[in-house]
Each structure stands twice: as C-alpha cells, then as structure tokens.
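Me: Hi! Could you walk me through this one before I set anything up?

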Amino acid sequence: MTDTTAPQPATRLIHHPYQPPAGFDAPQPAVHKASTVYFPNVAAMRTREWKDKTGYTYGLHGTPTTYMLEERISTLEGGLQTLLAPSGLAAIATVALSLLRQGDEVLLPDNAYGPNKALAEAELAHYGITHRVYDPMDVQDLAAKIGPATRLVWLEAAGSVTMEFPDLIAQARLCRERGVASVLDNTWGAGLAFAPFDLLGDGSLGVDVSVHALTKYPSGGGDVLMGAITTRDQALHLRLKLTHMRLGLGVGANDAEAVLRALPSMALRYHAQDDAARALARWLGAQPQVVQVLHPALAGAPGHDHWQALCGGARGGQGAAAGIFSVMFDARYSQQQVDVFCDALRLFRLGYSWGGPVSLVMPYELGSMREGATPQLQPGHIVRFCIGLEDVRDLQADLARALAQAFAG
Ligand SMILES: *Cc1c(COP(=O)(O)O)cnc(C)c1O
C-alpha cells in the first residue's frame, strides 16, 4: 500500500525542509536569483516595504545581491542611493524619462556620449521634449542656453571621444544657481578621479545625479552591461526609483555578482590603466604622424587646467584619469591610411567600450558627431585608444609597428 498522505517525490523535491546553517561567511557575496520572493503571511505581504530596502517583494525590486551592489556603488560615487539598470544607456534613458516631461528642455554638451544625444533627437523629441547642445568648453554658452523650460543639464567630464575636460565646478555651480537639475555621466571619473557630489572637497557643491556605466571600470571584464543612477537626495531618488520600477528595469543576479567580484580590484585597475595610458599618450604625441593628443592629464590638452584643478590632487599629486585618450593624425594623411593603421594593430582590438583587460582602438568621424565649432581641436583624423591591462612595452611596440606599416613613405 502506498502512503497517500506523504507527498510524492516531485513535491518533496520542491518543498524540502532542509535549511543550511546560518552564518556562512566568505569573501564573495552570494548570488540570489529570484523573480518570486516569498512572504511569510498575508499581513507581511500587505505591509512589506521595498522602497527603502527594509524588505523584499519581488525579484525586479531587489535581492540581497542587487542591494549589496547598490550600496557599494553609492559608496564609490559618494552618494546615498543607487539604482541599477541593464546598461549605462538604460540608466541615462531612465533619468531622462523620469525627470523630463512634455514642454521641457534638456541641455547636452556637444561632446556628450553619442547615444545620449540620439535619445534626445528621437524619443525625447517625439514626446515633446526639446534639447539644445552647448559648448562644453564655454560656461557662458551654457549660462546663455539655460532658459525657462530647461529642466535638466547633462554634464560629462571628460567628454566622449574628444576628451575635453570642462570646468565642471563652474558648470555645477551654474546649474545650482539657476535651479536646474544637473546630471553627470561619471563613467570616465568612475568615482575615483573626483567626487561628483563633493566637487570642492568641503561638501558645498555637487551634481544632483551621477550616472555610471558599470560596463566599464566596475565590471572590468568587457563581459557585463550595467548602469547605475546615484543621488544624494531621497526625494529625487524616489522619483527616479518609481520610474525605474514602472519601466521594469532590473539586472541579472549573475551580472550583479560579476560586478561585485570586480569591485575590489577596481582602484588598482583604474590607476594602472591610467599610468599606461599616459605613457602611451605621451609617446604617441612625440610621433611625427600625430598632431594632437587628447588626454586631459597631459599639459596642452583641451581642458587640462580644469582636470588639474579637479583631479590633479589625487594620488599624492599625480592626479587620476581614466585609461582612455584620443590622438589626431595629421590631415595630410588619408582616412584610408588611418584605417590601415587601426587594422594593423594586433594587441589593440577594434571594438567599443573600455575599462576591460584588452586594449581597444576605434577611428571616429568627427564631422558627424559635433554641432558647434571645435577650435580646441586640430584638424585631422581622430582615433581613440582604450588601454587594457597588457604590458605597456608590448602595447608601445604594437603601436610603433602599425605606425611604420600604415604611414611608410
Ligand atoms: C559606455 C558608456 C555609456 C553607456 O554604457 P553602456 O553600458 O554601454 O550602455 C554611457 N556613457 C559613457 C561615457 C560611456 O562610455
């Protein structure tokens, strides 16, 4: 006779009574995977609060793994609250969709991350939100463009591809004086080169929101896409959080764990890649084919003084910068020669993104990227380099060989 009261194996494997002992402690946080989260009873379900992280309600609204990553990114950024998004661009879009409405205007620097501009030109325009582009190197231009409809100003230091370093302190101060929300794309500074919520070091001035593509340095592997939105204001955070929830944005537990695993080495990687990038930028600047090096930590680069003022005190006066820079090849060469140079590199791979172990190269066409004049840039062909973790001597040899191959004669 079979026992009809004992559950069948299928059920017993699901509703199993074993609980591992509490108190497991190890270097790496656990990967908590869930869509469903259990409530002990209906009363707990009705009263449980997820907005302040006192409990769990649904996997999309957070697990111990994602809460832990959010708290560590808040610490990195010097903020108080962080939201995670499935990519840096998703974090950018969330900020725009949360803080802007029909009739509003958003301002972007002319050297903004390209897809942020594209979002403003397409979706935001469709929703009746206008945008204008300001000169990142002219605070007066930003001041003149902040109008009655301006609700949001994007800031980027250094700017994408052309790497100009703006007077971020003056820009943030201006936004504060004019009562306009400032949002910094802090992927370059990464929380290590300067403190976005404390630009003067005395707690008196910061941006309102910092967005960070965790895809880059925090991941460090070139294998995770993730973004973060950090604030220091609870009401602003809640507004962003509700939009984030209604858009259904979440991150995978394994991806969150991958970033948590890489965070302990992030400062070491950031500074090592900085050192290597500066050495290679200097070396490239001495080559006859190169007319300009765009690296804010190098004297003479656009915005170097602003970088010096904000980031120069880090690391005992060495300063801190991301391991990314661009060079302008002389206009007397053809684009085809520059393309041959990029293709001839062996250690530098052709690909987007940065902050990973592999050095990357990418030629850009500035003409399609900028609206305003760029007197700070020499004419020529621009190529961006992102420095990985290879030995810098091998990277320099790779560059030298490719230069000789592409620009011979
Ligand atoms: C890469 C990047 C982003 C977008 O991050 P994704 O995760 O690739 O979407 C945004 N801003 C800057 C400055 C970036 O470099």
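Reply: Happy to; we can go through the domains, the salt bridges and one tyrosine, keeping in mind that this is a predicted model.

Me: Great. How is the protein chain divided into domains?

Reply: There are two stretches to keep in mind: domain 1 covers 42–264, and domain 2 covers 266–406. Their C-alpha centres lie 26 Å apart. The contact between them takes 37 residues from domain 1 and 35 residues from domain 2.

Me: And what area is buried between domain 1 and domain 2?

Reply: About 3,000 Å², with carbon and sulfur atoms giving 63% of that. On the domain 1 side, Val161, Trp188 and Tyr217 lose the most area to domain 2, and together they make up 26% of what that side buries.

Me: Any polar interactions across that contact? How many salt bridges and polar pairs are there between domain 1 and domain 2?

Reply: The count is 2 salt bridges between domain 1 and domain 2. For polar contacts, the count between the two domains is 14 residue pairs. By class, the side of domain 1 that touches domain 2 has 22 nonpolar, 10 polar and 5 charged residues.

Me: Which side chain does arginine 370 meet in a salt bridge?

Reply: That would be glutamate 164, with an N to O distance of 3.1 Å. The two residues also belong to a network of salt bridges that links Asp110, Lys117, Glu164 and Arg370.

Me: Nice, I'll look at that network. What other salt bridges should I look at?

Reply: One of them joins arginine 151 and aspartate 104, whose closest N and O atoms are 3.5 Å apart. Arginine 151 sits in strand β4 (residues 150–156) and aspartate 104 in the loop between α4 (88–99) and β2 (105–109), so this pair ties together parts that are 47 residues apart in sequence.

Me: Are those two buried or exposed?

Reply: They split. Arginine 151 is partly exposed, at 37% relative accessible area, whereas aspartate 104 is buried, at 7%.

Me: OK, and what does arginine 132 pair with?

Reply: Arginine 132 forms a salt bridge with glutamate 105, and their closest N and O atoms are 3.1 Å apart. This pair also links distant parts of the chain: arginine 132 is in strand β3 (residues 130–134) and glutamate 105 in strand β2, 27 residues apart. Arginine 132 is partly exposed, with a relative accessible area of 34%. Glutamate 105 has 9%, and it counts as buried because the cut-off for that is under 20%.

Me: What about lysine 51, which residue is its salt-bridge partner?

Reply: Its side chain meets that of glutamate 49, at 3.6 Å from N to O. Lysine 51 is partly exposed, with 29% relative accessibility. Glutamate 49 is likewise partly exposed, also at 29%.

Me: Switching topic: where is tyrosine 67 found?

Reply: Tyrosine 67 is in helix α3, which spans residues 64–77. With a relative accessible area of 8%, tyrosine 67 is buried.

Me: So what does it touch?

Reply: Leaving out residues up to four places away in sequence, tyrosine 67 touches Trp50, Lys53, Gly55, Tyr56, His61 and Gly62.

Me: Last one: how far apart are the C-alpha atoms of tyrosine 67 and histidine 244?

Reply: They are separated by 15 Å, while along the chain tyrosine 67 and histidine 244 are 177 residues apart.

How values were computed. Residues numbered from 1 in each chain as written. Predicted model: local features only at pLDDT ≥ 70, side-chain atom pairs only at ≥ 80, totals over all residues. Heavy atoms only, no water. Domains from an automatic or database assignment. Contact = heavy atoms within 4.5 Å. Buried area = accessible area lost by both parts, 1.4 Å probe. Salt bridge = Lys/Arg side-chain N within 4 Å of Asp/Glu carboxyl O. Polar contact = N/O pair within 3.5 Å; in protein donor to acceptor, adjacent residues only side chain to side chain. Nonpolar A, V, L, I, M, F, W, Y, C, P; charged D, E, K, R; others polar. Helix = DSSP H or I, 4+ residues; strand = E, 2+ residues; numbered from the N terminus. Buried < 20%, exposed > 50% of the residue type's maximum accessible area, 1.4 Å probe, protein only.
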